[in-house]
Amino acid sequence: MKERFKFNTVGLFTRDNKATVDFYTKTFGFTTDWDGIQPNVEMTLGEMRIILFPRDAFEQMVSRKFQYPEGFNGTVELAFDVPTFADVDKEYQHALANGAASVLPPTTEPWGQRTCYVADPDGNLIEIGSFNE
C-alpha cells in the first residue's frame with residue numbers, strides 16, 4: 001500500500017528565532033544554514049527536522065491573532081532518546097548550561113525509563129530519556 005503521508009517536521013512558533021536557533025544548535029547539535037534574517041528557519045539533526053517561524057510574522061501572514069501559552073507549554077513535547085541513564089543526567093546538565101529551564105530533574109520512573117524535562121526559550125517542553133541503565 002502506498003504511503004499517504006510521511007511525517008517529517010515539527011514546527012515551532014517563536015518569540016525570538018535567534019535565541020531558539022542558538023539553543024537547539026548548542027544544546028542538541030542541530031545544524032542550519034539560516035542567514036539570521038529570513039523569518040523561516042530550518043534546522044536538522046540526522047533525519048529530524050524542526051522549522052521555526054516568528055509568532056508575529058505568522059500572525060501577519062495568516063491575518064489572524066493567536067493565543068500563546070505563558071510560561072511552560074504543556075501542550076506538546078519534543079522527545080530525545082540518549083544511550084544510557086548516565087547520558088540523561090549529563091544532557092540535562094548540558095541543556096541547563098545552554099539556557100534551558102528545569103521542569104523535572106532526572107528521575108528513574110517505575111516503568112524503567114530514566115527521564116527528565118526541560119523547557120526551551122519559548123517554554124516548549126523537551127524530554128530527554130533512556131531505557132538503558
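The exchange below goes through some salt bridges and one helix of a predicted model.

Visitor: Why is the pairing of R15 and D122 called a salt bridge?

Guide: The side-chain nitrogen and oxygen of R15 and D122 are 3.5 Å apart, and because the rule asks for a nitrogen of Lys or Arg within 4 Å of a carboxyl oxygen of Asp or Glu, the pair qualifies. By this rule the count comes to six salt bridges.

Visitor: What makes R15 and D122 a link between distant parts of the chain?

Guide: R15 sits in the loop between β1 (10-14) and α1 (17-28), whereas D122 sits in the loop between β7 (114-119) and β8 (124-130), and the two are 107 residues apart.

Visitor: How do you know whether R15 and D122 are buried, partly exposed or exposed?

Guide: D122 has a relative accessible area of 3%, and because buried means under 20%, D122 counts as buried. R15 stands at 49%, which lies between that limit and the 50% that an exposed residue must exceed, so R15 is called partly exposed.

Visitor: What makes E59 and K65 a salt bridge, and is each of them buried or exposed?

Guide: Their side chains meet at 3.3 Å, N to O, and since the cut-off is 4 Å, the pair satisfies the rule. E59, at 11% relative accessible area, falls under 20% and is therefore buried, while K65, at 72%, is over 50% and therefore exposed.

Visitor: Why does the pair K90 and D87 count as a salt bridge, and where do the two residues lie?

Guide: The closest N and O atoms of K90 and D87 are 3.9 Å apart, which is within 4 Å, so the pair counts. Both residues lie in helix α3 (residues 85-97), three residues apart, about one turn of the helix. In an α-helix there are 3.6 residues a turn, so residues three or four places apart point the same way. D87 is nevertheless called buried because its 17% is under 20%, whereas K90 is among the exposed residues of α3.

Visitor: How do you know that the buried residues of α3 lie on the same side?

Guide: The buried residues are F85, D87, V88, Y92 and A95; because they cover an arc of only 145 degrees around the axis, they are placed on the same side of α3. On the other side, A86, K90 and A97 are exposed. The elements that cover the buried residues include α1, β6 (101-108), β7 and β8.

How values were computed: Residues numbered from 1 in each chain as written. Predicted model: local features only at pLDDT ≥ 70, side-chain atom pairs only at ≥ 80, totals over all residues. Heavy atoms only, no water. Helix = DSSP H or I, 4+ residues; strand = E, 2+ residues; numbered from the N terminus. Buried < 20%, exposed > 50% of the residue type's maximum accessible area, 1.4 Å probe, protein only. Arc of directions from axis to C-beta. Contact = heavy atoms within 4.5 Å.
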